[in-house]
Amino acid sequence: MADGFNEARALRITEIMTEFQSLQRRIAEYAPNPSPDEYFEEGYQVLRQCRAEALAVLVVPYPELSPAPSGLADPEKLQLQRYPKIYYHFPNVSLSRLARIILDASARRFQSMKIYLRAVAAVRWSNARNSILQSGRPLQQQTVSLQQVNTNLRTDLAAVTDARIYNELRQTDSQAGYWLQDDPPLATILNWIRSHPA
């Protein structure tokens, strides 16, 4: 991709991976600690599932990127070295392969955002539930309120759609002034996720 945008591509990878790392850290902070009586409550199950899914995203191998046949040309190598995070992981990768790395990074960030939004819904459920119970056991008069909290959780989880996540990420990136020319469309991200099961 000798089109003059390789520096922008390298920077884009850094932006995407930085957000991916931030999402992973935030998900890790949500450690459910229910009592044995509440262990199988819906929201706590969602939180445990989110943590497991976040770890699974981390263990999916990165794409095999073979070195450029004759090595990188000196100007290309110097350009890539300006982005140490990328150069460290891919020192001999041709700049023409950065679009594949952008796809991989975008898909991982997309998955992490989906997991994060589900975890936030479960934490909101936990906070609402704890507010009703006030550290006590459920009482008969709290049944309707607890059922409403469960209904709210299901509604929040149903609102975490692929299109919503993609549009929110795209809007945030656009507002931040990021270069989005090589960002993959939603269908490509979903295809990558299906072909790289965690």
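A helix here is a DSSP run of H or I with at least four residues, and helices are numbered from the N terminus. I keep that in mind because the model is predicted and every helix label below rests on this definition.

**Entry: Ser106**
I started with Ser106, which lies in helix 5. Is Ser106 buried or exposed? I found a relative accessible area of 4%. The cut-off for buried is under 20%, so Ser106 counts as buried. Next I looked up its contacts, leaving aside neighbours within four places in sequence. Ser106 touches Ile16, Pro184 and Ile189. I also checked Pro185, which sits 79 residues from Ser106 along the chain. Their C-alpha atoms are 9.7 Å apart.

**Entry: helix 8**
Ile189 led me to helix 8, residues 186-195. Which residues of helix 8 are buried? I noted Leu186, Ile189, Leu190, Trp192 and Ile193. Looking down the helix axis, I see these buried residues fall within an arc of 155°, so they line one face of helix 8. Then I asked what covers them. The cover includes helix 5 (98-133) and helix 7 (162-175).

**Entry: a surface patch**
I turned to the surface last. Leu55, Leu58 and Val59 make a nonpolar patch of about 310 Å². I placed Leu55 in helix 2, residues 42-59. Its relative accessible area is 56%. Exposed means over 50%, so Leu55 is exposed.

Note on methods
Residues numbered from 1 in each chain as written. Predicted model: local features only at pLDDT ≥ 70, side-chain atom pairs only at ≥ 80, totals over all residues. Heavy atoms only, no water. Buried < 20%, exposed > 50% of the residue type's maximum accessible area, 1.4 Å probe, protein only. Helix = DSSP H or I, 4+ residues; strand = E, 2+ residues; numbered from the N terminus. Arc of directions from axis to C-beta. Contact = heavy atoms within 4.5 Å. Patch = residues over 30% accessible without salt bridge, like charges linked within 9 Å, V, L, I, M, F, W, Y side chains within 5 Å. Areas by Shrake-Rupley, 256 points an atom, 1.4 Å probe, with all protein chains shown as cover. Salt bridge = Lys/Arg side-chain N within 4 Å of Asp/Glu carboxyl O.
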